[in-house]
Amino acid sequence: KLDLEKQQANQITIDKIKNKDWYFVNDEYGRIHTNITILARNLRQFLSVENQNLQNIDLVNSQPLFLYLVLSSFLPKYVEEYTIRCALRSKLLEELDLYSQLVQQGKLYDFASKMYGKTNREEAKELIFREIFGPTLSKQFRDTFPTLSGMLQKIKGKDYRRVAWMMQRQESKFIISQVCGRLMKIIPDQFISTIHDSILT
């Protein structure tokens, strides 16, 4: 079903894996790009190490989680730069705590469905992604998280893509240093590879 160009690209990647011609590059945001990350998603199921099939382990709510880590890391600077009043700071921490709970309990998209007045969870998820990665914030998001919205807009500043770049750095730190770092101690002899916000093992 693929066009010739994509077929050829897939074949090159497959041949490189077969010939152990390994590709390993990290970018400026800390993400690692390998033969596996550039392999088409539907072909990863055929990978094995020492005749053992590999499993992909994904994080639930990964992008909202990394946004939370960005907001948390930016909080001290935001408080210092904009001299937030005590009541406003308390409201910000309250909103951040609510957002954190929704993300960690896997309930953010259900909450967003009510916030946007949508019955479709996937549609609500798409709208949340638009808030995170887009240039502007919706009225519903600003009304629900007013102080958090202010902080998010400050981070986006003149270039809204800044949030995505910061999130990629948080993602790399979390997945590579923390998750893989811990796994290497627990199961040192097992194969582990990152696929940006997930791992293959």
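In this predicted model, D110 has a relative accessibility of 38% and therefore counts as partly exposed, and its partner R121, at 34% relative accessibility, is likewise classed as partly exposed. The two residues form a salt bridge in which the closest N and O atoms are 3.2 Å apart. Because R121 lies in helix α6 and D110 in helix α5, which spans residues 108-116, the pair ties together parts that are eleven residues apart in sequence.

This salt bridge belongs to a set of seven found by a search of the whole structure. Another member of the set joins the side chains of E171 and R31, with a distance of 2.8 Å from N to O. This pair links distant parts of the chain, since E171 is placed in helix α9 (residues 162-186) and R31 in the loop between β1 (24-26) and β2 (32-34), 140 residues apart. Both E171 and R31 are buried. A further salt bridge, of 2.9 Å from N to O, brings together the side chains of D159 and R161; D159 has a relative accessible area of 25% and is therefore partly exposed, and R161, at 44% relative accessibility, also counts as partly exposed. In general, side chains of opposite charge can pair when their charged atoms come close.

The acidic residue E131, in helix α6 (residues 121-133), presents another arrangement. E131 is buried but has no salt bridge, and the nearest side chain of opposite charge, that of K156, is 6.5 Å away. A salt bridge requires a side-chain nitrogen of Lys or Arg within 4 Å of a carboxyl oxygen of Asp or Glu, which is why a separation of 6.5 Å does not qualify. The side chain of E131 does, however, make a polar contact of 2.7 Å with the side chain of Y116. When neighbours within four places in sequence are set aside, the contacts of E131 include T136, L137, F141 and L152, as well as Y116 and K156.

Y116 also has a place in the nonpolar interior. The largest nonpolar core contains 35 residues, of which L67, L71, Y116 and I128 touch the most other members. Helices α3 (62-82), α4 (86-104), α5, α6, α8 (146-156) and α9 each supply at least two residues of this core, and the largest share, seven residues, comes from α3. Beyond residues up to four places away in sequence, Y116 touches A124, L127, I128, E131, S138, Q140 and F141. Apart from this core lies another, of nine residues, including A40, L47, L54 and I195. As a general tendency, nonpolar side chains in soluble globular proteins are buried together.

Aromatic rings form six pairs in the structure. In one of these, Y29 and W165 are stacked, with 6.1 Å from centre to centre and 10° between the planes. Y29 lies in the loop between β1 and β2, whereas W165 lies in helix α9, so the pair ties together parts that are 136 residues apart in sequence. At 16% relative accessibility Y29 counts as buried, while W165, at 28%, counts as partly exposed. The rings of F129 and F133 are tilted, because their centres are 5.9 Å apart and their planes meet at 55°. These two residues, F129 and F133, both belong to helix α6 and are four residues apart, about one turn of the helix. Ring pairs also link Y99, F111, F141 and F145 into a cluster.

Key
Residues numbered from 1 in each chain as written. Predicted model: local features only at pLDDT ≥ 70, side-chain atom pairs only at ≥ 80, totals over all residues. Heavy atoms only, no water. Buried < 20%, exposed > 50% of the residue type's maximum accessible area, 1.4 Å probe, protein only. Lys, Arg positive; Asp, Glu negative; His and termini not counted. Polar contact = N/O pair within 3.5 Å; in protein donor to acceptor, adjacent residues only side chain to side chain. Contact = heavy atoms within 4.5 Å. Core = buried A, V, L, I, M, F, W, Y, C linked by side-chain atoms within 4.5 Å. Phe/Tyr/Trp six-rings, centres within 6.5 Å; stacked < 30°, edge-to-face > 60°.
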